[in-house]
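Trainee: Please take a close look at one part of this model for me. I would like the open sheet, and whatever leads into it.

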Amino acid sequence: IQVIIGQISKIMKPIYNFERLKVSQPVEDIFHVQLCLPSKMNCVDVLMTSELYKCFQQLAIDSDCKAIVISGCGKGFSAGGDITDLVRISRSKSTSCVARKALKDILIYKNFQDAVTAIEKCSKPIIAAVHNYCYGGGIDLISACDIRLGTKDSRFSLKEIDVGVAADVQRFAKIIGNYSIVSEMALTGRPISSSEAKEIGLISAIHADYNSVIQAAINMASVIANKSPTAVYTTKLALQYARDHKIDEGIDYI
């Protein structure tokens, strides 16, 4: 599979030209994807959703990429989904049929979930470097990553309940593995600190500030990039399979 991906990448070299994302290559083999809409706290709007999907589809087949770091530009990681953008699109729909409007809204949310799944299914390991706020859809994004790091000022919240919608906690719940904590966060919207996030297993390390967490993520990504690409890819597949299946099934899968 990795050989085929490499051949495709050489024939069709990806171009990373986006409005809502900033993609760079800080060191060899490592790509850094930044959510870049600081004027709206990096809220994920419809355009960013489509760009995330395209970006990680491209990174999956880019032979120059062996590991990925994802972070946010500006003051924080992401404040979640852009509700104002969804309202704008909903109001602009020509149909007066409530059912048809609802169906189109569902398709918008489905597109966001497809983008998150593209992150999860990307063949390259992904490290989320979170600073300051990570709310709502931001938690969806980092829950699709393989490794999550935070800063001392990081705080995490399932804010959906405060805007009248249900939070998507599928991946988050499996990461935490504690129904009570997940329910409390989803039903109250209570933010948790970086220390509590580490305690419950959402992040694996806490760093002093943005520069520190980015450097730590790049260093970790470089360590992974020096391993066998085939071993890294199959390990990622095995870990995801083990998460969603029984032990015996996981053993047979390996």
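Mentor: The open sheet has three strands, in the order β5-β7-β8, and its pairing is mixed. Keep in mind that this is a predicted model. Start at the edges. β5 and β8 (192-193) stand there, and each has a single partner strand, so one side of each is left without a neighbour in the sheet. In general, strands of a sheet pair through backbone hydrogen bonds, either parallel or antiparallel.

Now take the pairing of β5. Three bridges join β5 to β7, residues 155-157, and these two strands run parallel. One facing pair can be named: C134 stands opposite F156 in β7.

Next, step back to the loop that leads into β5. This loop lies between β4 (126-130) and β5 (133-135), and N132 sits in it. Look at the backbone of N132. Its phi is positive, about 55°, although N132 is not a glycine. Is N132 buried or exposed? N132 counts as buried because its relative accessible area is 14%, and the cut-off for buried is under 20%.

A loop elsewhere in the chain offers another case. D29 is found between β1 (21-27) and β2 (30-35). Phi of D29 is near 75°, again a positive value in a residue other than glycine. D29 has 15% relative accessibility, so D29 counts as buried.

To retrace the path: N132 is in the loop before β5, β5 pairs in parallel with β7, and the strand order ends with β8.

Methods: Residues are numbered from 1 along each chain as its sequence is written. This is a predicted model: local features need pLDDT of at least 70, side-chain atom pairs count only at pLDDT 80 or more; totals for chains, interfaces and linings use all residues. Side-chain values use heavy atoms; hydrogens and water are left out. Helices (H or I, at least four residues) and strands (E, at least two) are DSSP runs, numbered from the N terminus. Buried means under 20% relative accessible area, exposed over 50%, partly exposed in between (1.4 Å probe, protein chains only). Two strands pair if DSSP finds at least two bridges between them.
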